[in-house]
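Here is a friendly walk through one chain, best read with the viewer open. Take a look at the sequence and the model, and then we can go through them together.

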Amino acid sequence: MQSTSSADASSSSNPGGRRQLKWRSDGWRGACPSARSGHAAASVAHTPWVYMFGGMVNGGGLSNELCKYDTEAMVCTWPPQRGAVPAARWGHALIAVGRKLVLWGGISDQMPNGVLVMYDIETAEWTNVAASGLQEGIRYHHQGVCLEGRLAVSVGGCGAGGGPTMDIRCFDPELLKVYDP
């Protein structure tokens, strides 16, 4: 799939003069991941990188693969994973905060969890996070975003009781603290 837009950066349809992006699914180099659902992806600020973790692959198995897409070079790579590599899961959130990826919750081994793990992009090391306030952190099928370049924010999804929730939880990687905003 490729966009048919041909407007250039100086046209009236692009008043901010921003670079035009074209969506395409062809042309990737490297070993791209297999088809999956329930995975999570995060873009790293000020880079062309998008990381993807986990998900349910064809046949119903779960994955704990970490894939890195370089959207400028159109290359797909598999970064090394050392340390406390998270269990295979789906329905989790992946949030890029600076040069760290925060993986939050999901379902692994048929059990929802509130696991909070960080991946350091520079060292390729996963670290379990023992954050204060995490005891009520069970969540899955939620969304995550980075706020102000320093907080991982989890919104909605399903909580400890299994039903939908619309609460918001924040995680500060510097303070190692989970809290309500």
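## Surface and overall make-up

Accessible areas here come from the Shrake-Rupley method with a 1.4 Å probe. On that basis the chain exposes about 10000 Å², and carbon and sulfur atoms supply 54% of this area. Please keep in mind that this is a predicted model.

The chain holds 14 strands and 0 helices, so its pattern along the sequence can be written, under the DSSP definition of strands and helices, with β alone. Of the 181 residues in the chain, 39% are buried. Among contacts with a separation of 6 or more, 43% are between residues 24 or more positions apart.

## A five-stranded open sheet

A good place to start is the sheet built from 5 strands, which is open and runs in the order β6-β10-β9-β8-β7. Its pairing is mixed. At the edges sit β6 (82–83) and β7 (93–97), each of which pairs on one side only.

How do β6 and β10 run relative to one another, parallel or antiparallel? They run parallel, joined by 2 bridges. One bridge to look for places Gly 83 with its partner Trp 126 in β10.

## Strand β9 and its two hairpins

Strand β9 (residues 111–120) pairs with β8 (residues 100–108) through 8 bridges, and the two run antiparallel. Within this pairing, Gly 106 stands opposite Asn 113 in β9. The hairpin of β8 and β9 has 2 residues between the strands, and Asp 109 takes a positive phi near 50° there.

β9 is also joined to β10 (residues 125–128), again in an antiparallel arrangement, with 4 bridges. Here Met 118 stands opposite Thr 127, while Tyr 119 has Trp 126 as its bridge partner in β10. The hairpin that β9 and β10 form has 4 residues between the strands, and in its turn Ala 124 shows a positive phi of about 60°.

Why can β9 be called largely enclosed by the rest of the structure? Because 7 of its 10 residues are buried.

## Aromatic pairs

How many aromatic pairs does the structure hold? There are 3. In one of them, the rings of Trp 28 and Tyr 69 have centres 5.1 Å apart and planes at 70°, which makes the pair edge-to-face because planes over 60 degrees apart count as such. Trp 28 lies in the segment before β1 (36–37), whereas Tyr 69 belongs to strand β4 (residues 62–70), so this pair ties together parts that are 41 residues apart in sequence. Trp 28 is partly exposed, with a relative accessible area of 25%, whereas Tyr 69 is buried at 18%.

Another pair brings us back to the sheet. The rings of Tyr 119 and Trp 126 have centres 4.9 Å apart and planes at 50°, so this pair is tilted. Tyr 119 counts as buried at 1% relative accessibility, and Trp 126 is buried with a relative accessible area of 1%. These two residues are bridge partners as well as a ring pair. With Phe 53 added, ring pairs link Phe 53, Tyr 119 and Trp 126 into a cluster.

There is also a charge to look for over a ring. Lys 68 lies over the face of Trp 49, at 4.0 Å from the ring centre.

## A histidine in a loop

To finish, turn to His 142, placed in the loop between β10 and β11 (143–147). Is this loop residue buried or exposed? At 3% relative accessibility, His 142 counts as buried.

What does the side chain of His 142 reach at 3.1 Å? That partner is the backbone oxygen of Trp 104. Leaving aside residues up to four places away in sequence, His 142 touches Gly 91, His 92, Ala 93, Trp 104, Gly 105, Gly 106, Ser 154, Val 155, Gly 156 and Gly 157. Two names in that list tie back to the strands described above: Gly 106 stands opposite Asn 113 in β9, and Ala 93 begins the edge strand β7 (93–97).

Notes:
Residues are numbered from 1 along each chain as its sequence is written. This is a predicted model: local features need pLDDT of at least 70, side-chain atom pairs count only at pLDDT 80 or more; totals for chains, interfaces and linings use all residues. Side-chain values use heavy atoms; hydrogens and water are left out. Two strands pair if DSSP finds at least two bridges between them. Buried means under 20% relative accessible area, exposed over 50%, partly exposed in between (1.4 Å probe, protein chains only). Rings of Phe, Tyr and Trp (its six-membered ring) pair if their centres lie within 6.5 Å; planes under 30 degrees apart count as stacked, over 60 as edge-to-face and the rest as tilted. A charge sits over a ring if NZ of Lys or CZ of Arg is within 6 Å of the ring centre and within 35 degrees of the ring normal. Contact means heavy atoms within 4.5 Å. A polar contact is a pair of N or O atoms within 3.5 Å; within protein, one must be able to donate a hydrogen and the other to accept it, and residues adjacent in sequence count only if both atoms are side-chain atoms.
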